[in-house]
Amino acid sequence: MTRAIRPFPRGSTYSGVLFAFLGAAASAPLLPLAVVPALAWRSAPYGVRAVLALSVWAALIAAVGLVPATRRVLVASARRLLKVRLPDPVPVRKRVGSPGDGPAPAAPAAAVPSGAGRWRTPLWLLLHVAVGWTGTLAGGVLFLTGLALPEHWLGGDPEIVLLDWTLRPERGPQSWAAAIVCVLLAALVCGAMTSALRWLAPRLLGPSPAERLALAAEREQRLAERNRLAHELHDSIGHTLTAATIQAAVAGEVLATDPAAARAALHGIEESARAALEDLDYVLGVLREEQAETAPARTLADLPELMDRLRHTGAVIEPELTGDLAQVRGTLSRAAYRIVQEGLTNALRHGAGGPIQVGVAATPDGLRLSVVNRTGREKSTGTGAGRGVFPTSGHGLPGLAERVRLLHGELEAGPHGAEHWRLVVRMPLRVPA
């Protein structure tokens, strides 16, 4: 089996050397500013002035690293040239809550680096510049030395001068050996420089432990939102299709004998479809990160309209609403509406006729929801006749249980007596701390 040969493999040393050189070159414009204090202090010894210039230079480089845009640029360039996997810096995100949801949680503390985390980017920039200058100078000197050593064979008289150190190599084969060693050392310096930067990048440019927690929390929030939208679609579209199917059947049966009832059933289909389209627009708007202004959030105040639409199917609904429902607001009110809607949908699908009893009771301590419908004995064993007419995905009750659990409530669903099925949900008005 043959493998394709890539001249520049992923994570190539060439791009790493370029990245180190760019870091050194980018810091060069700050060097004249760093030299100004040393030039102004002419009475100080040379060593003190050199340390002062280097200290000011390092401070200027670190100050550039404190700029938020610098980290984004460094992360993008490290991904491009060092070929390391780095996530984008955690942005500042604000959650806008709906009325009645209570105060929105603050943005994660890791979104704005603080304390030690704030100095990770300046530290990376200082190390990047230090490694870049050290590697570039050392590698350049070794490479040029390797080129100069064999100059005897070309008729020249090489002389290598570095600061106060002078080297005049002798003629002979050893000069070629020394040249090869210098070139190999230059390559080794380049490789070590790239490896050092590639090792440092995830530790200083990557997310800190606090930022990892913020990213995990953000991912959990996205998954929870997707789960909530799945519940919204299941409850709304499933309910609408069930009601529309029954209403269409009723309209077909009474079209010739009772045109008024047929028109009422068709009107019910129209209202149900319009409500489902509004819910669908809302969900799509959230998925596209748009403001879904035209789609209202259904709450307990919309229950009478829901039950009126279902009466067009021929269902007999006996509501019993007690307590001050206006005190139930926000997320709890919307969840309660969906729970009752899902309970009514299941009653229409699997019920065996007879009235559907809907109870909503609000007390100072909590909210109690119940839906009771008549069913055959076979319903209690999970083989109701309605299943053949309305095949289901089996996500209804598990979705309800998950929704109730997130609101710290309790759910009971099962046979109630010999011929009834009951769904009961109890939820606190305030989430316990």
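**Figure 1. Close-up of K83, a partly exposed residue.** In this predicted model, K83 has a relative accessible area of 33%. The residue lies in the loop that runs between α4 (68-82) and α5 (120-148). Its phi is near 60°, a positive value in a residue other than glycine. Most residues other than glycine have a negative phi.

**Figure 2. Close-up of H408 in the loop between α12 (396-406) and β6 (410-415).** The phi angle of H408 is near 60°, and H408 is not glycine although this value is positive. With a relative accessibility of 45%, H408 counts as partly exposed.

**Figure 3. The largest nonpolar core of the predicted model.** This core comprises 33 residues. Those with the most contacts inside it are L300, L303, L344, V360, L367, L369 and M427. Two or more residues each come from α7 (209-254), α9 (303-311), α10 (330-350), β4 (356-362), β5 (366-374), α12 and β7 (420-428). The most is given by α10, which supplies 9 residues. In soluble globular proteins, nonpolar side chains tend to be buried together.

**Figure 4. Surroundings of L300, a residue of the largest nonpolar core.** Leaving aside residues up to four places away in sequence, L300 touches L325, V328, S333, A336, Y337, V360 and L367. Of these partners, V360 and L367 are also listed with L300 among the residues with the most contacts inside the core.

**Figure 5. A second nonpolar core, separate from the largest one.** This core has 21 residues, among them I61, V84, L86 and L197.

Terms used
Residues numbered from 1 in each chain as written. Predicted model: local features only at pLDDT ≥ 70, side-chain atom pairs only at ≥ 80, totals over all residues. Heavy atoms only, no water. Helix = DSSP H or I, 4+ residues; strand = E, 2+ residues; numbered from the N terminus. Buried < 20%, exposed > 50% of the residue type's maximum accessible area, 1.4 Å probe, protein only. Core = buried A, V, L, I, M, F, W, Y, C linked by side-chain atoms within 4.5 Å. Contact = heavy atoms within 4.5 Å.
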